[in-house]
Amino acid sequence: MLSAWGLTKVYDGRKVVDQVGFELQPGTVTAFLGPNGAGKSTTLRMISGLTVPDAGQSLVAGRPFTQWPNPSYVAGVLLDGQAVHPGRSGLTHLRTSAMLSGVPKRRCDEVLQMVGLADAAKRKIGKYSLGMRQRLGLAHALLTNPPVLILDEPINGLDPEGIRSVRTLLRDYAARGGTVLLSSHVLSEVDQTADRVLMIGGGRILRDGPLAELTKSNRTLVKAADMNRLAQVLMENQLQPMQGADGHIAVNATLQQVSELAMKSGIAVLSLKEDQLSLEDLFFQVTGNGGQA
Ligand SMILES: Nc1ncnc2c1ncn2[C@@H]1O[C@H](COP(=O)(O)OP(=O)(O)OP(=O)(O)O)[C@@H](O)[C@H]1O
């Protein structure tokens, strides 16, 4: 539904996007993650036809986005710094776009309701807060009910209620077969919203895969009635006990290995589970970025 290969952009002799490729399927939310300046927005702009790639190509529903007779019916796009007329109301802004795209007027009220902006529909955009502008941008992207959404930091500036409603909206949208590609720095939110993660650093894709797979740690967490005895048995079996979450011992072994060892040694196990990396741990591991997401 949304694919790219070899996408490359050079600014001032530097490859800011370097051979980026992926293929996204309907019914999924994919998060595009990376530190500041990693190349996320440039990639999204190339897919949306706003920046011309120096190499590579991308297809939205099988064609380059700008080659669709009416691209807005194929993908809803929300990019940072979109130009909107500050003197117009949110409703007028949407109605103008709706008219140009042949969308019925009532859809404008619908999308404003969906993003929680119905009460501010008639206020001037110039008086909107950052979060309200984001909501309006999202409403605009949803106007034609397109099969694909391309969203650059859609929850930037949203309050907790706004973040939660966008999460629900995007999950529902994907459940109905939509394809979502969004960039974000809010890893805790991505953790709850995305099925798949694309991590980019220095313009290159560093990781690509289902969230659950990327965060697998190959470690087991175990808690026993006698923790000292457990640690001793692990060491006797050349397994290094490490401090795990919630009072568990973490160990580089499978669930089965640990449970067999405990049983053989007569240790009463109170808790046994697979350890999972947090998305934040994964992010820092992959990007080597010590500070910012
Ligand atoms: N029009 C431009 N001219 C020159 N350099 C640019 C231009 N647009 C982006 N860049 C540079 O390309 C690199 C990637 O920028 P981009 O905006 O794609 O990163 P990003 O991952 O979206 O970052 P952020 O998380 O801060 O939004 C940066 O070094 C940026 O300065």
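Let me start with helix 1, where Lys40, Ser41, Thr42, Thr43, Leu44, Arg45, Met46 and Ile47 are buried. That is eight of the eight residues of helix 1, so this helix is largely enclosed by the rest of the structure. Please keep in mind, as we go on, that what you see above is a predicted model. Just after helix 1 comes Gly49, which takes a positive phi of about 80°.

Helix 1 also brings us to the ligand, because with three residues, helix 1 (residues 40-47) gives the most to the shell around the ligand. If you look at that shell in the structure, you will find Lys40, Ser41 and Thr42 in it, together with Tyr11, Asp12, Val16, Gly34, Asn36, Gly37, Ala38 and Gly39. How does the shell divide by class? There are six polar residues in the shell around the ligand, alongside three nonpolar and two charged ones. One member of the shell around the ligand, Asp12, deserves a closer look. Asp12 sits in the loop between strand 1 (2-11) and strand 2 (14-24), and its phi is near 50°, a positive value in a residue other than glycine. Is Asp12 buried or exposed? With 5 other C-beta atoms within 10 Å, Asp12 is exposed, whereas Lys40, Ser41 and Thr42 of helix 1 are buried.

Gly34, which also belongs to the shell around the ligand, gives us a link to a distant part of the sequence. Phe283 is found in helix 10 (residues 279-287), and although Phe283 and Gly34 are 249 residues apart in sequence, they are 7.8 Å apart in space, C-alpha to C-alpha. Phe283 has 26 other C-beta atoms within 10 Å and is therefore buried.

Let me now step back to the whole chain. The protein chain has 293 residues, of which 37% count as buried, and it contains ten helices and 13 strands. Its C-alpha trace spans about 75 × 45 × 30 Å along the principal axes. If we take the contacts between residues at least 6 apart in sequence, 69% of them join residues at least 24 apart.

From here I would like to turn to helix packing. Two packed helices are described by the angle between their axes and the distance between the axes. Let us take helix 2 (residues 90-101) and helix 3 (residues 106-114), whose axes come within 9 Å and cross at roughly 130°. That angle makes helix 2 oblique to helix 3, and the crossing in which helix 2 passes helix 3 is right-handed. On the side of helix 2, the contact is made by Gly90, Leu91, Leu94, Arg95 and Ala98, and on the side of helix 3 by Arg107, Cys108, Val111 and Leu112. Sorted by class, the contact of helix 2 with helix 3 has six nonpolar residues, one polar residue and two charged residues.

Helix 2 has another partner to consider, namely helix 4 (residues 130-142), and here the axes come within 10 Å and cross at roughly 25°. Is helix 2 roughly parallel to helix 4 or oblique to it? The angle makes helix 2 roughly parallel to helix 4, and the crossing of these two helices is right-handed. Gly90, His93, Leu94 and Ser97 of helix 2 make the contact with Leu136, Ala139 and His140 of helix 4. In the contact of helix 2 with helix 4 there are three nonpolar and four polar residues, and no charged ones. You may notice on the structure that Gly90 and Leu94 take part in the contact with helix 3 and also in the contact with helix 4.

My last stop is the loop between strand 4 (55-60) and strand 5 (75-78), where Ala61 has its place. Phi of Ala61 is near 50°, which is again a positive value in a residue other than glycine, and with 18 C-beta neighbours inside 10 Å, Ala61 counts as partly exposed. Pro64 lies in the loop between strand 4 and strand 5 as well, and it too counts as partly exposed, with 13 C-beta neighbours inside 10 Å. Which residues is Pro64 in contact with, leaving aside its neighbours within four places in sequence? They are Gln57, Ser58 and Leu59. To relate this loop to the helices I have just described, Pro64 and Cys108 are 44 residues apart in sequence and 27 Å apart in space, C-alpha to C-alpha, and Cys108 is one of the residues through which helix 3 makes its contact with helix 2.

Note on methods:
Residues are numbered from 1 along each chain as its sequence is written. This is a predicted model: local features need pLDDT of at least 70, side-chain atom pairs count only at pLDDT 80 or more; totals for chains, interfaces and linings use all residues. Axes are lines fitted to C-alpha atoms, for helices over the stretch in contact, and angles run from 0 to 180 degrees between N-to-C directions. Helices (H or I, at least four residues) and strands (E, at least two) are DSSP runs, numbered from the N terminus. Angles under 35 degrees count as roughly parallel, over 145 as roughly antiparallel, 65 to 115 as roughly perpendicular and the rest as oblique. A crossing is left-handed if the near helix is turned anticlockwise from the far one by less than a right angle, and right-handed if clockwise. Two residues are in contact if their C-beta atoms, placed from the backbone, lie within 7 Å. Ala, Val, Leu, Ile, Met, Phe, Trp, Tyr, Cys and Pro count as nonpolar, Asp, Glu, Lys and Arg as charged, and the others, Gly among them, as polar. A residue is near a molecule or strand if its C-beta atom, placed from the backbone, lies within 6 Å of it. A residue is buried if 20 or more other C-beta atoms lie within 10 Å of its own, exposed if 12 or fewer, and partly exposed in between; C-beta atoms are placed from the backbone.
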